[in-house]
Amino acid sequence: MERLVIEGGNRLTGSVRVHGSKNAALPILAAVVMAKEETIIHDVPNLDDIAVMLDILRSLGARVTRNKSDVIVDSSTIHTTNVPDYLMRLMRSSIFLMGPLLARFGSVRISKPGGCSIGTRPIDLHLKGLELLGANIVERHGFIECQASQLQGASIFLDFPSVGATENLMMAAVLAKGETIIGNAAREPEIRDLAALLTQLGARIRGAGEDTIVIEGVNELHGGEYQVSPDRIVAGTLMIAASITGGHVQLRNVRPMDLTAVTTKLREAGVQVTGLHDILDIKRTGPLHAVERIQTSPYPGFPTDLQAPFMSLLTMAQGVSVISETIFEDRFQHVSELQRMGASIKVDIRTAFIRGVTELTGAIVEATDLRAGAALAIAGLAAEGSTILERVHHIDRGYEGFELQLRELGAHIRRVRETGKDASVSADA
Ligand SMILES: CC(=O)N[C@H]1[C@@H](OP(=O)(O)OP(=O)(O)OC[C@H]2O[C@@H](n3ccc(=O)[nH]c3=O)[C@H](O)[C@@H]2O)O[C@H](CO)[C@@H](O)[C@@H]1O
Ligand SMILES: C=C(OP(=O)(O)O)C(=O)O
């Protein structure tokens, strides 16, 4: 087990490049199982979730090569459509294999996916949509078996604009016969990325990034090459980290338009944010102000994945801020850990009231999920004294070289192996 030790109080300054997006790369790597030739994907981040996805592809028989951030997948050698249970359980995104494998091979056997403990995360919308495309789905002995010799285009209206369901169904529909219309589709930038990759491989898709997506089925997909877009959640995390320390940071390889909701709230908090082409400049000189209302919602709303990091920032803002989490029912697990550091937060069901304090103090805290971990590290950067952040493996699911990037910006943060002894703030710092 590893932990991060953070000495708070340093202003972040300088410039770092944001790596490729986890949430774009994961469905893209699943989609390439439909290609009959080699596909090359550039800027694939080196993350634990990506490693699991590559292991799944290998377990199916695909030939996978990784050279730094380039991944080459040859799916012509796939010989099974049974995804091993132990790999399915390692992350939520394993569900992305369902649509593409079914579409190309006519059958798939998976178990329920794992993932962060932020809510129940059902997959009913994925299953209902696949049934509308003609799949026969049977759930037994903990496995989900789907069959369809040929998927048929259909009109699907999602009860909720689920990102994963939109992606899974879009992938399945690419090889279905005829036209598929997905209504109330998710509009996240990662949907556009996936559609762009699929189009490179020969798919015919209109409307990705809008609330109605139309897919004209094709007989097969060929190989191709694609560059993954920058990770907007990593960019947002670094923007918040710079802001809490009163720093001045430039982020390279970003798409400022994808971060409008976050930029708006940072400006409300008193942070200067300027975007030019693929660079964002973040600077704070004055005090942090409370933000009256943040409500997480599907894109272009405020992203749930930045709710926890933003809460860390608001713990030090003058006044009372209010954050409502509407996407996941259990995504306030960072609150009790922030309270250990001196934050003043009250939670009423799915709304948190944050009264800004003048000082956070370093403490031993635990990452309960990926973004909660990032949030606690951010709080540690501004806290007086040392913070010891345990269960760092959560952070490694979504941030490549997390502490290295922060160190590049001047943070005092290092990774240490747990020794088995009781952790002591003063001894480790
Ligand atoms: C790999 C990836 O891209 N992960 C992102 C994706 O997750 P993911 O695709 O899992 O998130 P969804 O948009 O599907 O989930 C949103 C809400 O819909 C519910 N739901 C979803 C599917 C379903 O079949 N039934 C159902 O009820 C979920 O429980 C949740 O309450 O979008 C989330 C919301 O922006 C982000 O937090 C995740 O980082
Ligand atoms: C919840 C997240 O990811 P996933 O859907 O992969 O669990 C996240 O990236 O914050």
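**View 1. Helices α1 and α2 pack against each other at about 0°.** In this predicted model, α1 (22–31) and α2 (residues 48–60) have axes that lie 10 Å apart. Axes here are lines fitted to C-alpha atoms, for helices over the stretch in contact, and angles run from 0 to 180 degrees between N-to-C directions. The two helices are therefore roughly parallel to each other, a label used for angles under 35 degrees, with over 145 being roughly antiparallel, 65 to 115 roughly perpendicular and the rest oblique. Lys-22, Ala-25, Leu-26, Leu-29 and Ala-30 of α1 meet Asp-49, Ile-50, Met-53 and Leu-57 of α2 (contact: C-beta atoms, placed from the backbone, within 7 Å). Sorted by class, those residues give seven nonpolar, no polar and two charged. Nonpolar covers Ala, Val, Leu, Ile, Met, Phe, Trp, Tyr, Cys and Pro; Asp, Glu, Lys and Arg are charged; the others, Gly among them, are polar. Helices (H or I, at least four residues) and strands (E, at least two) are DSSP runs, numbered from the N terminus.

A quick word on the model and its labels: residues are numbered from 1 along each chain as its sequence is written, while chains are lettered from A and ligands numbered from 1 in the order in which they are written. As this is a predicted model, local features need pLDDT of at least 70 and side-chain atom pairs count only at pLDDT 80 or more, whereas totals for chains, interfaces and linings use all residues.

**View 2. Ligand 1 sits among 22 residues.** The closest are Asn-23, Leu-125, Ser-162, Val-163 and Gly-164; a residue is near a molecule or strand if its C-beta atom, placed from the backbone, lies within 6 Å of it. Helices α1, α5 (124–132) and α6 (163–174) each chip in at least two residues. The shell's make-up is 10 nonpolar, seven polar and five charged residues.

**View 3. Ligand 2 has its own shell.** Asn-23 turns up here too, alongside Met-91, Arg-92, Ser-93, Gly-115, Cys-116, Ile-118, Asp-305, Leu-370, Arg-371 and Gly-398. That works out as four nonpolar, four polar and three charged residues.

**View 4. Four strands make an open, mixed sheet.** The order is β2-β14-β16-β15, where strands pair if DSSP finds at least two bridges between them. At the edges are β2 (13–17) and β15 (272–276), each pairing on one side only. Neighbouring strands are turned by 15° against each other on average, direction ignored. β2 runs parallel to β14 (residues 248–252), joined by five bridges, and Thr-13 has His-248 as its bridge partner.

**View 5. An antiparallel sheet runs β6-β8-β7.** This one is open and has three strands. β6 (107–111) and β7 (136–140) each have a single partner strand, so one side of each is left without a neighbour in the sheet. Five bridges link β7 with β8 (residues 143–147), with Glu-139 partnering Ile-144. Helix α4 (residues 98–105) lies across β6 and β8, at about 155° to β6.

**View 6. β4 and β5 form a hairpin.** β4 (residues 63–67) and β5 (residues 70–74) run antiparallel over five bridges, one partnership being Arg-66 with Val-71. Two residues separate the strands, and Lys-68 in the turn has a positive phi of about 55°.

**View 7. Thr-315 is in a loop between α10 (307–314) and β18 (320–324).** Thr-315 counts as buried because 27 C-beta neighbours fall inside 10 Å (buried means 20 or more other C-beta atoms, placed from the backbone, within 10 Å of its own; 12 or fewer is exposed, and in between is partly exposed). Leaving out residues up to four places away in sequence, Thr-315 touches Leu-338, Ala-343, Ile-354, Gly-356, Val-357, Leu-360 and Ala-379.

Conventions
Two residues are in contact if their C-beta atoms, placed from the backbone, lie within 7 Å.
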